[in-house]
Amino acid sequence: MRRPGKQGIGSHGGRVLAITMNTFTQLVRMKVFYFLVVFALIMLGSNFFDLPQHGLPETFGFSVLRAVMSWSLGAMTLFSMVLAIVATALLLPRDVEDRTLYTILAKPVPRIDYLAGKLFGVLLLLAVSLAVMDLVMLGVLQLRMSLFMGQVEAMEAAGQAAEKVARMRAELLANGPDWSLQGAVVAVFLRAAIMAVLALFISTFSTSTLFTSIVSFLVYFLGYFQADMREAFLRTTGEGLGVLERGGALLLTLVLPDFQMFNVIDAVIEGAAMPLAVLGKLAVVAGFHLLFYLLASWYVFAGKEV
Amino acid sequence: MMKPWQRLGVLAAGLLAAGALRLPVEARWSEEMRAAGLLRQGLQVETKAKIGQTFYAVALGGLRTLVATFFNLRTIGCYESLDWGKMDEIYQTMVTLAPRTGEYWIAGAHSQAMNAASYYRNDTFLEMSPLDREANWRAAVLRGREFAEQGTLNVPDDWKLQAFLGLLLTDRHKYRVFGDPDATFEAAARAYRAGADAPDALPFMRRFEMYSLARVESRRGEALELARKLYADPASRNPLLQKVCFALEVWANPTVVDPLALAVEVFGSEQRAYRELSQYWLHGGAGLPMNGVAIALAGLEAKLDVPAAESVLQQSVSRGRDGQDLEE
Amino acid sequence: MTDATPAVEIVDLVKDFATSFRRRKLRAVDGVSLRIGAGEVYGLIGPNGSGKSTTMKALLGLVAPTAGTCAIFGRDSLRVDSRQEVGFLPENPYFYKHLSGAETVRFYGRLCGLSGRVLEDRVGEMLALVDLEEARDRRVGGYSKGMLQRIGLAQALVQEPRLLILDEPTAGVDPVGSRQIRDLIFKLRERGITVFLCSHLLEQVQEVCDRVGIIFQGKLVKEGRLEDLISIEDQTEVVLRDASPELVARIEELAVTGGAELVRSGRPRTTLERLFLRETMKGGKDS
């Protein structure tokens, strides 16, 4: 009789998939998650109300559309960050507490499969939530756009100059959603993915959800300074910085992630276009972190006694 | 079996190695993105004082544009309380957070050069001596220009910002604040040119560049060349263009050209020529060339039997560089 | 796969734990060796803190031994594939509360590499085996203690392992549930599955096990066949039905002449447990 569970790649996939889907459903059914979802929806829903923004009449439609985009991406950033950190931070401690960890590892499940499954479960949750929020944002933008379009058409019907109408229409479309905006949403996801794998790594040697969360948030904020420290190390050649300070800058540069690179998102909201190559670079950076820190987590976890 | 501290050592070494691998790649890619204008310098520490602690933390968290929109909300309060100083600060903060948003630069410059200036000059409830009013008005206008020019450095390809700057510099009530008129008009021409060069600029920018050049005696040659190019395209041949072209042609060849004949040729008929040139004569903008206009008007009045009492040439006009704005 | 390979082979297992005081290490298991043949039911008994759980964890590869080896059907415990043949039911198990009974078994089945039709059939089979078919779609979060134990058995057996490890399988379970678990163990033994259980409920171990080991302060102090260990060698038991007092007196005389002594006669007692079961089973199965 052939025994199932041979250690080929396919079997790894099956196990990882099982743990991924299990983690996903576990997180979705948690009350905490519902609260966050409501919070995010409120933030997005607030776009439906006309928040006063000051704009000159020439800047037709700009302020409202821009406000919708920055609110939505802001909500997405906050939500994905909290989710990535907190959801990941509680996974391992909860399994240890509930002793479900024993039952899983008592099956022929390599520890890397277990960690990978947990991580991918969180990533799946992030992707799905961001996709939903993205759809809501696009819906709101489309609604606003069509309202403004209606105004433009009314002007056309009222006999305004064709050139002016065309200009307003073009400007409206320029301020509306485009592929760069979608790229920005993907960038939000990638940034959150990096935080998730970092939180996973920290949780392998911390036993407390709270501690893991706090350290992760700290790493997140410091990650925005990493680029400055890197510049400090690379640019200054000794004048103005002592050896100790340079050493410190180097150490932090090597250990922290660079989140300033993700400020491309701000640029996109301001109207810049995000070339696919840039998104690709961000994806490579995220992929590197995911791979390395997953392996590092495995290294720590493999030596851990449960 | 490795001891715990040995495992820790391996881990630490791995972390540092991974960081070392990342370092050059991330540095290079960040540089490329900065060059492409996708990344800005890190948030400067001075801004922290202005936006306060929480906002700083949030702005660092990659939500700068969101924070900027919050500040835009605050400006409304300033408009109601007429606190122009605070308004200036808020706009400064906004453009620090979102430096590539042309609209913020325009709004900030507009609030100073137009709104604040108008307030100081015209507000009846303001208790201030005429001298102080004048001084504040001047300061506001200058501040507006400064802000707009800073904006063009940050967002060089925003044609609307350049248009705003150009309009401010050629505003008949305000151009004198900026010192030497020639220098001012040349600056306006530069702004219009930069804007006209932007890919999505409207056609009027090029015309306005030409008008600005035409106001400067030493640049009228360039203006004429540009004017002829513009004139060649029937679509851009609007009344003001026709008038300025007319004047420039006369300026270029004062002995050869017959103003009257040229006027009729340009405007199509004697009546139309008279109507247009009268308007130009009475309300022509600051520093625009008037060569041949008087002669043509005289000739047209004769041809059209306009009574001497109603002659346009008799009406008082303060020449020099006063006149109406160029809005068409 | 020859039958000569023992199901479990633990050789000189030593496990030290570092405590918060740097110098002193806690020696939880101190040179334990035991061997369980295929098809046996082995009970490891000892007080709390004697090293039972640690021994099990070492066998399952959950902790790495400080010294010594553990093997399951010849495969070292530190290898992941050694666990293909093992099903484990931990003490006071909790499972993912958000899953239903069937989903839980299915999840563990997937972890073992089962899928599709085979998996579905197995899930159904296991739920029937542990008598949880009515509750299969209810969330595990709402299960009683006995149901949790049973679903735990279902997941342990989902991949048809040849070895079953049970840590305190009847702790905290009511007598009816205990009886069901015991019956299950008997059924499994009939199928040829080896059972290794840890308990400190000695009565129950006595009912079920073939061989027993007593562990105390990390050392295996006694081991052997149950019968050999607990039979009081110099006594014999005879139980009669419908015997008159005269018959009993005659047997006593017989004993004395044979050189023996009648230690005790009277009515044997049933156990409180049997009485309880007799009364409650009438009322139907438990929830």
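**Chain contacts in a predicted model**

Let's start with chains C and A. In this predicted model, 25 residues of chain C are in contact with 26 residues of chain A. Which elements of chain C each supply at least two residues of the side that touches chain A? They are β6, residues 86-89, and α2, residues 101-111. Look at α2(C) in particular. With four residues, α2(C) gives the most to this side of chain C. Now the residue classes. The side of chain C that touches chain A has 16 nonpolar residues. Six polar and three charged residues make up the rest of that side.

Stay with chain C for a moment. How is chain C divided by the domain assignment? Domain 1 runs from 8 to 230. Domain 2 runs from 245 to 281. Taken over C-alpha atoms, the centres of these two domains of chain C are separated by 37 Å.

Next, chains A and B. Their contact takes 46 residues from chain A and 41 residues from chain B. On the chain A side, five entries give two or more residues each: α3 (62-98), α9 (226-235), α10 (243-255), α11 (264-269) and α12 (276-302). Which of these elements of chain A provides the largest share of the side that touches chain B? That is α12(A), with eight residues. Now sort this side of chain A by class. There are 26 nonpolar residues. There are also eleven polar and nine charged residues.

To recap, two helices to find in the structure. On chain C, facing chain A, pick out α2(C) with its four residues. On chain A, facing chain B, pick out α12(A) with its eight.

Notes:
Residues numbered from 1 in each chain as written. Chains lettered and ligands numbered in written order. Predicted model: local features only at pLDDT ≥ 70, side-chain atom pairs only at ≥ 80, totals over all residues. Contact = placed C-beta atoms within 7 Å. Nonpolar A, V, L, I, M, F, W, Y, C, P; charged D, E, K, R; others polar. Domains from an automatic or database assignment.
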